[in-house]
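Colleague: Could you take a close look at one part of this assembly for me, the place where two of its chains meet? Pick the pair you think deserves it, and then set it in the context of the rest.

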Amino acid sequence: MPRIGVFVCQCGNNIAATVDTKKVAEDMAKVPGVVYTCDYKFMCSSPGQEMLKQAIKEQRLDGIIVSACSPHMHEKTFRKASEAAGINPYRCEVTNIREQCSWVHHDQTKRVGTIKSNDLTRMTIERLKKNSPLTRIKIPVKKKALVIGGGIAGIQAALDIAEGGREVILVEKEPSIGGNMARLSETFPTMDCSQCILTPKMVEAELHENIKLYTYSEVEKVDGYIGNFTVQIRRKSKYVDEDRCTGCGECIEKCPFKTDSQFELGLTKRKVIYTPFPQSVPNVPVIDAPNCPKIQKDKCGACAIVCGPKCIDFKMEDKIVTEEFGAIVVATGYQLMPNERFDEYGYGRIKDVINGMQFERLASSSGPTGGEIRRPSDGKVPKSIVFIQCVGSRDEKKGVSYCSKVCCMYTAKHTMLYSHKVHGGQSYVFYMDIRSGGKRYEEFTRKAIEKDNAMYLRGRVSRVYEKDGKVMVQGADTLSGTQVEIEADMVVLATAIVSRDGADTLAQRLGIGYDKYKFYNEYHPKLKPVETVTAGIYLAGTCMGPMDIPESVAQGSAAASKVLALFSSDEMAREPITSVVNKVTCNACWDCVTACPYSAIERDTIKNRQGEVVRWVAKVNDGVCQGCGVCVAACRSKSIDLKGYTDEQVFAAINAF
Amino acid sequence: MKIPYYPGCTLNTVAKGLDTSARGAAEALGFEMAELSQWNCCGATFPLSTDNVMGLAAPAKVLSGARKEGDTLTTLCSVCYNVLKRTNKVIKDNREKRAVLNGFIEEDYDGSLNILHYLEVLRDKVGFAKVKEAVKRPLKGVKVGAYYGCMLLRPFEDIGIDNAERPTIFEDLLKALGATPVEFPDKIECCGAHLAMNNEAVVTKLSGNVMASATGVGAELIVTTCPLCQYNLEKSAPKVSQERPGFGAVPVVYFTQILGLALGQDVASLGFDKSVIDIMPLLKNKEII
Amino acid sequence: MTDKDMEKTLREKARELLTSGEVKVVIGWGWNRARTKTTPIFITNPDETDRLIFNPLCVNNLSVYLTRKFKDIQALGRPAIVAKGCDIKNIVVLITEAQVKRQDVFIIGMVCEGMVYRQELWKGELTPEIMPTKCHNCDVRNPHVADFVIGGRSAFTPPEAPVGMVFEKIKALDGQAPSERWNFWINEFSRCIKCYACRQVCSLCFCERCITEKNMPQWIETSAHQRGNLSWNLTRAMHLVGRCTFCGECERACPVNIPLNLLNQKMIGVVKDAFDFRSGYDEKTHPPMIVFSPDDKENFIK
Amino acid sequence: MSGHEEQSGTTGGYEPKIMAFVCNWCTYAGADLAGTSRMEYRPNVRIIKLPCTGRIDPLFIIKAFENGADGVLVSGCHPGDCHYTTGNYHARRRWIGFKHLMEFTGIDMRRLHFSWVSASEAIKWVDLINNVTDEIKKLGPFMEYRGLKDAPPQAAE
Amino acid sequence: MKITLSRDNIESALIHQIERISGEDFKRCYQCGKCSAGCPVSYEMEVPPSQVMRLLQLGMTKEVTEANSMWVCVGCLQCYSRCPQSVSVAAVLEGLRQLTLRKGEDHQQIKDVPIPFLKKAPQQAIVCGFRKFVS
């Protein structure tokens, strides 16, 4: 016979007002198996818990019922207390007689409340009789993290994790880390040069003994679960031996072939063997195979000839490396929407219509013009520039419905850079709203208008066309209610930020969710901003949606702290609410395997001594199982049960009803 | 190849040139424009008010008639094209209105007709390559401004003949004819349309913009698909010349006329005589005739 | 091709399969001693294949002998099974539910022009009256999955709307008030003696330990009182939702004539309407009760 | 050990016994919210908490009726909101099958209710309980089912 | 100028009538002004397209019905084809025209149509003109 103790809480007057807790205690004493009952003012208070512990010891109780508030409130508290007093925490159950009884039944005679409390408590008692002691699941944690994406968010996450003393592999698909931030000139609102603050971090990441850089690499396959991921990474062939290359640059010097530079967004050319930009990390060139005559038709080979350490290998092939990780941080960043969608702005047709990122390059001292603002068509310094905001953003018809968030700020920055670099130059900004929420942001945009004479026009542009070497902009200023025509020398489009091509494929490989714009979904938009539905996989930066550098960095750190917390112990404890298979009766029909939302159930075999397969049975992976119980209901032979919610427990409760 | 053809009211009268030259060209290219045995005016404007189903009855009548003569229908006038194609879409997509309309016109038409502009026929059915082969009088060195206007392009969702912001179908044809199309910004802007009735000032300004924009980039000739555009442009030319110093008016003709010209049709048959600004000098000094 | 010819080919094929060793046992129909009824036989010896028969009395669905319920037969080695289209449906489900691998069974498909519902009804010729509902609506008279088909192609095309007693009865019941249906079923179930013949004969009730034998907790009251009877029959029906192929064996086997076909066919209809799924045709698609679609339609969840 | 005390609440007269199977994340939390917002509803319902509606075996419902429930209520997260991403989709499938089966068997569908109640829909929960309770009160005790046990096997005619 | 806003105006029957005829939802317009920017005749309009939408959002029907905007609109659909919210101001102006015309108030007296125009102009212009200006 079990020895169960029932503790009825008055919760001050919260319960006692409509429930006769004393009577409940007395009635429950009559229930077989109950050896001790009492009611008390505040069970959750420390004296209350003390009382509970004492009773456990004195009465040698093996099961605890606390009839009090919702288990969502204090189940943990009472289970801890029970554990402290030496009984298994899962032998302690909480009956909800507050939220679902005393608070919703206002019968002052206490009749209704008392009857219901009795029933609920009795049901819980019967349930408890069937509770078997459970122990928390311990999952070993591989203390090594994978960071996907070498932009500022990824670098920040990698550095923080590495600083926390854990190994990190940082995977970047370009030949150098740095991401989009490496393209930027200055950064708002402080106006410090992007590269000056980014490059040191890039170098730090390269030199950190806990960080391994896999540049020019992509994630191919992801298996496993939190603490135990197995990831296949494709290391694309650079045709240059990373370990031996000294980064002298001779090969680039001598390479006779040129092609458009992706890093410079087509504003200039680069060699066929190249590093994306001078401060590339690692400073190892790669050969752009499709454009290399040597690789394509075995002509040239100049680079190999001049290479001192002889580290160029035209036969080099992609390598697939398999690594194991305990956690993954996804920081794959963003790209700009193709402007060609907006024909009325003439992008692609009119040379001097460029996008914001291209302007960043023009303004950047390391850019194609050495930081002088010169227009692409004829290299002249533009006397006037029109900036058009919300190109694709907030445009349900041709673009995306959301706001790209950073354009207002960087456009203000552009106007400043322009006025500083080109004296007497006039900038015009067509905007719908100036969204400058953020520390010192509003002051920043005001400065652009008041100090740097940016002419802000509230309205959109209808069309942009060429007329005798000028770029004609036909827009409107809704504040004065007039049409506006501007003879500009250059037009800059604040193009929408969109998710990267292939973001969905990666999400499917990782098993994380994404929205209709293929931005990744956080677990909870407010309370779990960097977690995903897949435990052990975290998000950082613009792969979740438009955000600026401070936010991305903050998220990188947030994700890192999650990872470090996970890595803080060798094992990860989980609630033992998982399914378990009865191997004897399993029919191996695999219905559970099909039904499981987490693919937590595997096909397993039972072998005889000779090692021959005797039969197939389902097997639950405790690490992956989340305890939803879908499999239990799906199993006809009742060969799966859910710990903590076993059929027996549920039936006992129903029978006590 | 025989394609059912809807001329529309204007092409029967003031824009005869557009009609005859098109038929001639078709012949030269080996297909026949089979005029509908029976047709009525399309209404000349697609009613923008959602509750005006009556305004769709006329075009619906045309369409249901045409369906009996084939599964495609071609037309030349941009406005007819616009009205017919959009009405057809309504009948196809909107069950209620289909029912009402069929009630009006006592037919059972389902919108299964495929409406093609003559340009589309040339592009998709004949093929510009084949047109090129058929050219006998290449329009060497003629800088032509291809003027689309509104009705041929908008709204893109319903018409979709070509990119609404930067169409090329017209230029592609001109290239095939050996001419040199010039890219001018206002090629998709409005000529003033029906305001011709009571607001000449506006028409003069808009048509002026279009012509100036074309001549600004060196157009020696403007071609159009729409009788109203043609009318407005030509009619405004003198005033524009007064208002805008340095503006020189250029001939405004229908694309089918120079098509016929290039295909070697008898120049007299093309109806150039109808136009106010004479094209002959241009053709002569380019040694095309 | 007459039944005789089919028998001949069947026997030759069986012999060939056994001699070549391609299969170790042939599961088919044979005569009982009195040669009045057909009965399942298991041929392992090539010389005994002439005991195999095929005629309208071969109504039993032999697929049940492929399940884990018959370990001794499984122990014999790779089986060949003689099966009508309707029997093959069950084999397909068994394949879907991983109870048999397609390559592990040799299916001898028999073209079928209908069977007698109960062998007692056989008067020497097959008339529509003595045929079960399933035969009148059969769309697999030409076996749809088989390694070897015997018989000339059947020209029979099933009627657009299903016909037959079962469907009429279902319609009738649907038309009644809940209370009337309740009384009908309680009355029918009241005869149940929990002999579980329905379960034993069903090839889709292949559980090694049936839920009725699970007693911690006791899901289904074992004593044959009405409440337990109801629970059992509801559970059985529920477990067959989306799986039952309407082979009708359970009803044939029921010693107290509970019209189980009504329940089964009703649920088959429900599944067809709700999930557009028909069991027993494609071994690739999962039974509907273990999968889902985000846009499943229902009108009763408030 | 079934001992649900016959109660006559504030309304007096017969009080139905209603069993509710709810998921831990949405409906249970919704019911808690009704409490914290001090709403009031009929006291007849007894909740059994499960992790997810996907855990609910149709037999639970049959068992509830066997144990003298006059009505059964099943509720969980709205489609798409499942804490376990797809548990409630599975549940919905089963319910579609089970509901038709029960209907065909002649169970009065006014005694078996399915619904989606999110953690924020306290009001929906309250209305649901009140409506279901009142409806079943009208129907009276589920004698047909309660009677089964005691009736001898062959009795029903 | 000062206006007094009230729900009665904002949700007035007239407003809803215009919405119904034009098939456009005024709330959709977020006043980016792209229509006014691209409209070939907005220079001529007393109230440019985007402001027509704004006034209607505010329920100020009088101001728009008395303005010449609806009669100047050439129906070139540039506003609609470039509107990020897919609002057709052209349709709204048509709605306004209809309000007047359906009251039998012609904007253009047929007798005043210049004879040379009737003689020379393409029929389509005449038909179209009558449809837009005459009840």
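Modeller: Here is a walk through one interface, followed by the chain behind it and some spots elsewhere.

Keep in mind that this is a predicted model. I went for chains A and D, since of the six pairs of chains that touch, this is the one with the most contacts.

Let's start with the overall extent. Chain D brings 52 residues to the contact and chain A brings 48 residues. Putting the two together buries about 4200 Å², and carbon and sulfur atoms account for 59% of that area.

Now the polar side of things. Between chain D and chain A there are four salt bridges. One to click on is Asp57(D) with Lys638(A), where the closest N and O atoms are 2.7 Å apart. There are also 18 residue pairs in polar contact across the interface of chain D and chain A, counting pairs with both residues at pLDDT 80 or more. On the chain D side, the elements that each supply at least two residues to the face touching chain A are strand S1 (18–23), helix H1 (27–36), strand S2 (45–50), helix H2 (58–66) and helix H3 (87–105). H1(D) gives the largest share of that face, with seven residues. By type, the residues of chain D that touch chain A split into 22 nonpolar, 18 polar and twelve charged.

What does the partner look like? Chain A has 18 helices and 34 strands. Its C-alpha atoms fill a box of roughly 100 × 75 × 40 Å along the principal axes. The radius of gyration of chain A is 33 Å, while a compact globule of 657 residues would come out near 26 Å. Even so, 59% of the 657 residues of chain A count as buried. Take the contacts in chain A between residues at least 6 apart in sequence: 69% of them join residues at least 24 apart.

Chain A has charged pairs of its own to look at. Asp352(A), Arg375(A), Asp378(A), Lys380(A), Lys470(A) and Asp489(A) are linked in a network of salt bridges. Elsewhere in the chain, Asp260(A) and Lys269(A) form a salt bridge, 2.9 Å from N to O. Asp260(A) is partly exposed at 39% relative accessible area, and Lys269(A) is partly exposed too, at 48%.

Chain A also reaches chain B through a salt bridge, Lys397(A) with Glu157(B), at 3.7 Å from N to O. That pair crosses between chains from loop to loop: Glu157(B) sits between strand S5 (143–147) and helix H8 (169–176) of chain B, and Lys397(A) sits between strand S21 (384–391) and helix H12 (407–421) of chain A. Glu157(B) counts as partly exposed at 38% relative accessibility, and Lys397(A) is partly exposed with a relative accessible area of 24%.

While you're in chain B, have a look at helix H6 (residues 118–126). Its buried residues are Tyr118(B), Leu119(B), Glu120(B), Val121(B), Leu122(B) and Val126(B). Just after H6(B) comes Gly127(B), with a positive phi of about 100 degrees.

Chain B leads on to chain E by way of Gln78(E), a residue of helix H7 (residues 78–82) of chain E. Setting aside neighbours within four places in sequence, Gln78(E) is in contact with Arg154(B), Glu165(B), Ile188(B), Glu189(B) and Gly38(E). Gln78(E) has a relative accessible area of 2%, so it counts as buried. For a contrast in chain E, try the salt bridge of Asp112(E) with Lys111(E), whose closest N and O atoms are 3.2 Å apart. Here Asp112(E) is partly exposed at 43% relative accessibility, whereas Lys111(E) is exposed, with a relative accessible area of 67%.

Finally, the pairs that don't meet. Chain B and chain D share no contact, and their closest C-alpha atoms lie 32 Å apart. Chain C and chain E don't touch either, with their nearest C-alpha atoms 29 Å apart. As for the whole structure, a search over all chains turns up 106 salt bridges; the interface of chain D and chain A, where we started, has four.

Note on methods
Residues are numbered from 1 along each chain as its sequence is written. Chains are lettered from A and ligands numbered from 1 in the order in which they are written. This is a predicted model: local features need pLDDT of at least 70, side-chain atom pairs count only at pLDDT 80 or more; totals for chains, interfaces and linings use all residues. Side-chain values use heavy atoms; hydrogens and water are left out. Contact means heavy atoms within 4.5 Å. Buried area is the accessible area (1.4 Å probe) that two parts lose on being put together, summed over both. A salt bridge is a side-chain nitrogen of Lys or Arg within 4 Å of a carboxyl oxygen of Asp or Glu. A polar contact is a pair of N or O atoms within 3.5 Å; within protein, one must be able to donate a hydrogen and the other to accept it, and residues adjacent in sequence count only if both atoms are side-chain atoms. Helices (H or I, at least four residues) and strands (E, at least two) are DSSP runs, numbered from the N terminus. Ala, Val, Leu, Ile, Met, Phe, Trp, Tyr, Cys and Pro count as nonpolar, Asp, Glu, Lys and Arg as charged, and the others, Gly among them, as polar. Buried means under 20% relative accessible area, exposed over 50%, partly exposed in between (1.4 Å probe, protein chains only). The radius of gyration is taken over C-alpha atoms; the globule rule is 2.2 Å times the number of residues to the power 0.38.
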